[in-house]
Amino acid sequence: MDYDAIVIGSGISGGWAAKELCERGLRTLLIERGRRVTHKSDYQDFAAPWELDHRGQVPEDEKRRDYAIQSTCYAFNSATKQWWVKDSEHPYLTPEGRDFLWLRGYHLGGRSLTWARQTYRFSDIDFGANRKDGHGVDWPIRYSDVSPWYDRVESFAGISGNSEGLEQLPDGRFLKPMELNCAELDFKRKLEDRHPSRRVTIGRCANLSEPTAEHIALGRGPCQLRNVCERGCGYGGYFSTLSATLPAAERTGNLTVVTDAIVESLDYDHAKRRISAVRVIDTHTKQRRSYQARVVFLCASTIPTAQVLLNSKSDFFPNGLANSSDQVGRNLMDHVHGMGAIGHVPGFLDRYYYGRRPTGIYIPRYANVTEDGRGEYTRGWAFQGKGERPNWDRALDMASVGAELKAELREPGPWQMVLFGFAEMLPRPDNRVTLHASKTDTWGLPLVHIDCTFGENELKLAAAADQDAKAMLTAAGCTNVRALFPRLSPPGTSVHEMGTARMGLDPRTSVLNRHNQAHDVPNLYITDGSCMTSSSCVNPSLTYMALSARAAHHAADLLATGEL
Amino acid sequence: METGSSEKLNRRALLAGAVFLLGGAAALTRFARRPGDPAAADGPALSAEQFSLLEQVSETMVPATDTAGAIAAGVPEFIREMLVQWGSRSTRVEITQVLEAIEQHAWRKFGMSFLEMPAERRLVVLKEFDAARIAAHEGAYRKFKWLVLIGYYHSEVGATHELRFELVPGAWRACLPITEVGRASAFYGN
């Protein structure tokens with residue numbers, strides 16, 4: 001055996017799996033399809049605006065030709081271009097008129113470099129949701145199963161936030177919260193007065209407001225309030241694979257990293273009921289080779305994980321590995337995005353802030369928790385947002401030129417409040433990732449076909465959230481309140497895709513058991529977003545971290561006792 | 001090595017395309033550049049006269065006051081470079097058309113070229129033009145204004161002298177008297 005464990009994918013989930021497996025003394029191989037990236041020296045975080053290529057803009061023709069989909073993300077610019085795939089080189093298929101935005105980057109660390117760092121726990125309301133309203137299948141775990149693992153990953157990652165004592169948004173091990181600014185405090189006071197069942201809190205985020213000895217030992221320092229996190233952070237001020245889990249795994253001496261290797265498929269030995277090899281293709285030479293280990297963690301992210309399983313066909317699994325349930329690739333979810341409002345906040349013109357806080361405010365879910373859903377919809381949504389004073393770019397909507405314009409822009413603009421919602425998406429089997437029968441990519445692998453739409457419940461949640469955003473700003477005294485987005489964005493926009501290899505109690509209707517272990521293949525664990533049985537409305541990465549760590553320890557226990 | 005030379009070729013092709021289009025768009029005016037002008041193949045995206053107009057329009061939009069104006073901040077050179085290295089063909093056409101339209105407005109208003117009139121009249125011309133195009137939410141003008149403003153406010157002098165920019169703020173202070181903070185941040189958004 002080459003290794004004790006192989007981890008496929010180096011994003012948030014794979015990084016965590018590798019760290020925990022290495023720390024348990026297992027010789028671990030981490031396979032990444034993209035290129036190697038060096039923490040700090042490969043980042044452009046110290047470039048001033050005037051030093052960036054084209055002041056941060058990507059040339060228009062290049063953007064259209066190579067990044068038509070990726071450039072729709074707010075975090076895409078000339079300083080982060082290296083963190084996004086070229087759509088021209090990495091095509092996928094969607095049905096006519098049913099867009100799905102698949103936003104991603106192929107490099108060591110994956111999307112842990114570009115994520116928005118919002119970190120929230122799922123609650124028992126989430127883990128119990130499918131059972132309660134009958135959508136999807138029941139989660140095989142509850143909050144108490146994951147809670148200690150949330151504690152573990154939060155302490156290590158470093159999460160800044162405020163404890164609120166809410167059932168729907170459990171508190172965690174927080175570093176000191178970042179403060180609300182004047183407009184946000186005013187909004188909080190007015191909103192909570194008007195709606196005692198709603199709460200405004202600071203966005204919980206994986207930025208080190210106050211590093212602990214554990215963080216410092218890994219070479220991480222405090223967040224410097226630059227708010228250019230998506231470029232990569234030379235201070236290690238936010239959690240990424242490169243700043244945190246990878247150095248932790250490396251210092252055990254048990255980690256081997258292979259980059260530029262695309263996992264094509266997993267070989268299955270039916271006699272032993274095990275994965276016998278991981279087949280890879282060298283990105284550059286296209287040569288094939290394989291690796292062996294006692295256990296495999298598939299953490300390629302939701303869509304590629306389904307792709308690898310569906311592409312691993314054998315006599316025993318003609319529809320794809322670990323797919324006796326026919327659930328692999330199904331139940332694809334994201335969070336509905338594109339609801340929100342913006343309004344002018346009167347007053348506070350003599351107040352301002354210093355620094356660029358890398359998080360905003362958060363309004364936890366209240367629909368069907370503290371307020372009923374008016375019988376119209378199940379589940380709910382949460383809002384993110386912020387109060388701010390706009391800067392010079394507000395002049396693009398202002399008729400003004402000359403010395404008068406200059407004088408005006410020397411001052412920040414009047415305060416405004418922005419709210420944007422993320423609504424829960426139900427698991428539906430028809431929202432599905434499949435492989436195209438004949439079309440292939442540069443490496444000869446079948447192209448992914450993504451068919452995903454919002455259902456009736458999602459559209460009702462979105463409409464209600466949109467309405468509430470405007471109503472809340474108005475209730476808090478904002479003027480000129482208007483919609484923030486012209487329409488809902490296609491699924492995929494939130495970059496919270498999940499669900500394509502769900503956990504469940506019953507092997508006939510789910511892919512993974514309560515330990516993220518494949519029902520069909522005991523030495524296969526899947527801990528990225530594909531394991532999610534429901535989507536909640538909170539940002540999911542923290543849950544991937546907790547489930548990855550939990551599964552890694554389960555696997556290590558079984559390896560130690562010889563059960564694997 | 002290979003990449004470098006093919007990039008150079010692409011850049012040449014891009015420049016040639018830019019020159020041809022700018023010639024086409026501006027052909028009706030005195031700022032026309034003849035397609036195939038030998039000086040143009042490797043040269044700037046704008047003719048000398050178009051560039052002079054760009055300089056004066058930029059400076060009128062962001063004049064020198066107690067701090068540097070657009071010309072001293074390098075805005076015209078920045079826009080010229082952006083038109084070659086960043087803008088698509090349609091953007092290059094749009095931006096030259098905006099410049100042409102400002103020149104035409106100068107003739108309509110005062111019967112002379114924008115370049116030949118005194119600064120006070122330039123301000124009158126640009127102010128009227130700006131008000132009309134902003135009210136009409138005109139995309140091409142918005143893009144032009146954005147180029148001038150990002151050219152200025154994200155230049156070193158614009159960001160650090162005219163406005164305030166800390167590369168590493170090092171702290172978050174959520175609610176301060178504005179007098180303690182100083183000028184608006186040059187950063188996008190906040």
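A nonpolar core is a set of buried Ala, Val, Leu, Ile, Met, Phe, Trp, Tyr and Cys residues joined through C-beta atoms within 7 Å. With that idea in hand, let us look inside this predicted model.

The largest nonpolar core holds 155 residues. Ile6(A), Val7(A), Ile8(A), Val153(A) and Val296(A) touch the most other members of this core. Which helix gives the most to this core? Helix H12 of chain A, residues 541-561, does so with 10 residues. Take Val153(A) as an example: leaving aside residues up to four places away in sequence, Val153(A) touches Trp16(A), Leu542(A), Met545(A), Ala546(A) and Ala549(A). Apart from the largest core lies another one, of 45 residues, and its members include Trp50(A), Ala68(B), Met82(B) and Tyr153(B). In general, nonpolar side chains tend to be buried together in soluble globular proteins.

Now to the place where the chains meet. Here 44 residues of chain A are in contact with 51 residues of chain B. Several elements of chain B each supply at least two residues to the side that touches chain A, among them helices H2 (48-61) and H3 (75-85). H5(B) gives the most to that side, with seven residues. The table sorts the side of chain B that touches chain A by class.

| Class on the side of chain B | Count |
|---|---|
| Nonpolar | 31 residues |
| Polar | 12 residues |
| Charged | eight residues |

The two chains also share a strand pairing. Strand S12 of chain A, residues 351-354, pairs with S1(B) in the antiparallel sense over three bridges. In this pairing, Pro177(B) of S1(B) stands opposite Arg351(A).

Methods:
Residues are numbered from 1 along each chain as its sequence is written. Chains are lettered from A and ligands numbered from 1 in the order in which they are written. This is a predicted model: local features need pLDDT of at least 70, side-chain atom pairs count only at pLDDT 80 or more; totals for chains, interfaces and linings use all residues. A residue is buried if 20 or more other C-beta atoms lie within 10 Å of its own, exposed if 12 or fewer, and partly exposed in between; C-beta atoms are placed from the backbone. Helices (H or I, at least four residues) and strands (E, at least two) are DSSP runs, numbered from the N terminus. Two residues are in contact if their C-beta atoms, placed from the backbone, lie within 7 Å. Ala, Val, Leu, Ile, Met, Phe, Trp, Tyr, Cys and Pro count as nonpolar, Asp, Glu, Lys and Arg as charged, and the others, Gly among them, as polar. Two strands pair if DSSP finds at least two bridges between them.
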